[in-house]
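Hi everyone, thanks for coming along. I'd like to walk you through one structure today, so please have a look at the screen.

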Amino acid sequence: MKIALIIFTSLLAFASIGSAIAKLKKVPDVMASMASVGVKPNQVPVLASLEIAGGVGLIAGIWAPALGTLAAACLALYFVGAFLTHLRKKHGPSEFGAALGILIISMITTVLQLQR
């Protein structure tokens, strides 16, 4: 179980921080996706900061289990919001696939953190 926790925690930290970096670098596909769901350009750094905080919380959670659990749960909520926002706009899997993938990883990570 500990190996699975480390693997999923690492995947989620990498995915959330990577997603944040793409937002901060204003990668055209990412910015187009954000605009298509109604995110204003001044909101993008805030969302990226939340993802970075979650990723750092996961890494720190290796030594502080409560922090790791909190970070995983918060990232799960973040990506539930992202996924539901895409669904509300009636986007297809090609547009919400990344959000759904990270959501699944965050949910698995949260469960593993809770079983720690």
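Let me start with a question: among contacts in the protein between residues at least 6 apart in sequence, what percentage join residues at least 24 apart? The figure is 68%. Please keep in mind as we go that this is a predicted model.

Now to the overall fold. Reading along the sequence, you meet the pattern α-α-α-α-α, and the count is 5 helices and 0 strands. The radius of gyration is 14 Å, close to the 13 Å that the globule rule gives for 116 residues, so the protein is as compact as a globular protein of that length. If you prefer to think in terms of extents, the C-alpha trace spans about 40 × 25 × 15 Å along its principal axes.

What about the surface? The protein has an accessible surface of about 6,700 Å², and carbon and sulfur atoms account for 75% of that area. Turning to the inside, 36% of the 116 residues count as buried.

Let's finish by zooming in on one residue, T85. You'll find T85 in helix 4, which covers residues 65–88. Is T85 buried or exposed? Its relative accessibility is 19%, and the cut-off for buried is under 20%, so T85 counts as buried. And which backbone atom lies 2.6 Å from a polar atom of the T85 side chain? That would be the backbone oxygen of G81. If you have the model open, do rotate to that spot and take a look for yourselves.

That's my tour, and I'm happy to chat about any of it.

Conventions: Residues numbered from 1 in each chain as written. Predicted model: local features only at pLDDT ≥ 70, side-chain atom pairs only at ≥ 80, totals over all residues. Heavy atoms only, no water. Helix = DSSP H or I, 4+ residues; strand = E, 2+ residues; numbered from the N terminus. Rg over C-alpha atoms; globule rule 2.2 N^0.38 Å. Buried < 20%, exposed > 50% of the residue type's maximum accessible area, 1.4 Å probe, protein only. Contact = heavy atoms within 4.5 Å. Areas by Shrake-Rupley, 256 points an atom, 1.4 Å probe, with all protein chains shown as cover. Polar contact = N/O pair within 3.5 Å; in protein donor to acceptor, adjacent residues only side chain to side chain.
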